[in-house]
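Dear colleague,

Here is the structure I said I would pass on. My notes on what was found in it follow below.

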Amino acid sequence: MVPAADVYDVVLDLPAYVSLAAILTFALLLSLYASHRRDLQRLYAWMERDADHPSADLAASEALLDRAEADLEAVFGTADVAAEPEAVSSEPTVVAPPPPPVPAPPPPAAWPPTSERPALERITMEREALQPHPRWRRLARRVTQPRALEIVGILAVVLGLAAIFGSEQLLTGQESSPGPKPGAVVPENVTVAVLNGTSVPGLAAKVGDDVTVNGFTLGTVTNSRDQFDQTVVMYEPGQQAAARKVAHDLGVQPVQSIDRQTEQVAGNADVVVIAGADRAKP
């Protein structure tokens with residue numbers, strides 16, 4: 001089972017990771033926006049340089065169909081008349097009437113108009129079927145305008161900043177309910193012993209007053225066996241979150257697990273504060 005103190009530490013560090021993920025996502029959106037806008041500018045410049053490209057493409061397709069139809073007519077339009085060998089027979093030869101003349105293919109100008117050609121009509125229908133719906137085309141034109149892209153970029157910035165500050169406020173901000181959150185440290189349930197780690201008289205009592213003001217239960221107040229230059233907070237096993245809370249409220253940086261010698265002096269305290277020489281300075 002995961003200790004409640006470790007879960008509390010993870011919850012405290014979670015806003016930093018959420019903020020980092022939001023910043024990275026925001027940077028990715030900005031890069032995509034810049035790339036998309038650059039591509040649109042290139043497309044607009046290409047359209048201005050070659051405005052007749054669609055009509056030229058259609059004319060080239062019609063020319064290809066014209067040549068294909070002319071080639072097919074030239075190959076299959078006329079039939080070769082193969083001469084049959086004369087059969088040797090004693091019957092009188094019957095002279096067959098000459099075959100009717102085969103009409104020559106009409107010139108290319110005589111072909112039916114483009115709208116009556118099935119192949120070109122099929123290609124045109126397939127091309128139209130692949131195009132998006134006119135409503136989607138209108139929407140795409142409006143959305144891809146530079147002004148619309150700028151609005152999208154501004155909204156992305158606002159949403160990214162809102163996600164950063166909102167997540168931090170949600171996870172580590174003010175409590176919405178009067179009761180403590182699950183796993184939170186309740187100061188009155190934490191017993192704090194104060195040891196004087198200097199030769200300054202009354203320093204432990206002074207630090208003990210600070211402990212009481214912050215709502216913690218004051219435990220043993222006595223002298224330490226060793227001298228300390230810097231104030232330190234020590235904790236019993238499983239009381240790391242409480243020690244961090246005490247260190248935060250008292251403005252102490254070092255937080256470490258308790259040693260056996262200090263444990264013997266502090267008694268049954270959950271957290272021990274050893275006042276160092278830095279605490280004795282006015």
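**Salt bridges and surface patches**

K245 is partly exposed, with a relative accessible area of 29%. The model is a predicted one, so please read everything here as computed from that prediction.

K245 is a convenient place to begin, as the residue takes part in a salt bridge. Its partner is D249, and the closest N and O atoms of the two are 3.8 Å apart. Both residues belong to helix α7, where four residues, about one turn of the helix, separate them. In general, an α-helix has 3.6 residues a turn, so residues three or four places apart point the same way. D249 also counts as partly exposed, at 24% relative accessibility.

What does D249 touch, apart from its neighbours within four places in sequence? The contacts are with N214 and F216. The C-alpha atom of D249 is also separated by 8.8 Å from that of D210, a residue 39 positions away along the chain.

Helix α7 covers residues 240–250, and its buried residues are A241, A242, A243, V246, A247 and L250. K245 and D249, in contrast to those, are partly exposed, at 29% and 24%. Just after the helix comes G251, which has a positive phi of about 75 degrees.

How many salt bridges does a search of the whole structure find? There are two. Besides the pair in α7, D210 forms a salt bridge with R279, with 3.5 Å between the closest N and O atoms. This pair joins distant parts of the chain: D210 sits in helix α6 (residues 203–213) and R279 in helix α9 (residues 277–280), 69 residues apart. Are these two residues buried or partly exposed? D210 is partly exposed, with a relative accessible area of 29%, and R279 is partly exposed as well, at 22%.

Two surface patches are also on my list. The positive one is formed by R135, R137, R138, R141 and R142. Of these, R141 lies in helix α4, which spans residues 134–143. R141 has a relative accessible area of 48% and is therefore partly exposed, since the cut-off for exposed is over 50%.

The other patch is nonpolar, with an area of about 390 Å², and is made by L43, Y44, W46 and M47. M47 belongs to helix α1, which runs over residues 4–49. At 49% relative accessibility, M47 counts as partly exposed.

Some totals for the protein, to place these details. The protein has nine helices and five strands. Their order along the sequence is α-α-α-α-α-β-α-β-β-α-β-α-β-α. Of the 282 residues, 21% are buried. The accessible surface comes to about 20500 Å², and carbon and sulfur atoms account for 61% of that surface. Among contacts with a separation of 6 or more, 79% are between residues 24 or more positions apart.

If you want one place to start looking, take helix α7: the helix holds the K245 and D249 salt bridge as well as the buried residues named above, among them V246 and L250. From D249 you can then go on to the contacts with N214 and F216, and from D210 to the salt bridge with R279.

Regards

Key: Residues are numbered from 1 along each chain as its sequence is written. This is a predicted model: local features need pLDDT of at least 70, side-chain atom pairs count only at pLDDT 80 or more; totals for chains, interfaces and linings use all residues. Side-chain values use heavy atoms; hydrogens and water are left out. Helices (H or I, at least four residues) and strands (E, at least two) are DSSP runs, numbered from the N terminus. Buried means under 20% relative accessible area, exposed over 50%, partly exposed in between (1.4 Å probe, protein chains only). Contact means heavy atoms within 4.5 Å. Accessible areas come from the Shrake-Rupley method with a 1.4 Å probe; for residues, only the protein chains shown count as cover. Patches are made of residues with over 30% relative accessible area and no salt bridge: like charges are joined within 9 Å, nonpolar side chains (Val, Leu, Ile, Met, Phe, Trp, Tyr) within 5 Å. A salt bridge is a side-chain nitrogen of Lys or Arg within 4 Å of a carboxyl oxygen of Asp or Glu. Lys and Arg count as positive and Asp and Glu as negative; His and the chain ends are not counted. The place of a charge is taken as NZ of Lys, CZ of Arg, CG of Asp or CD of Glu.
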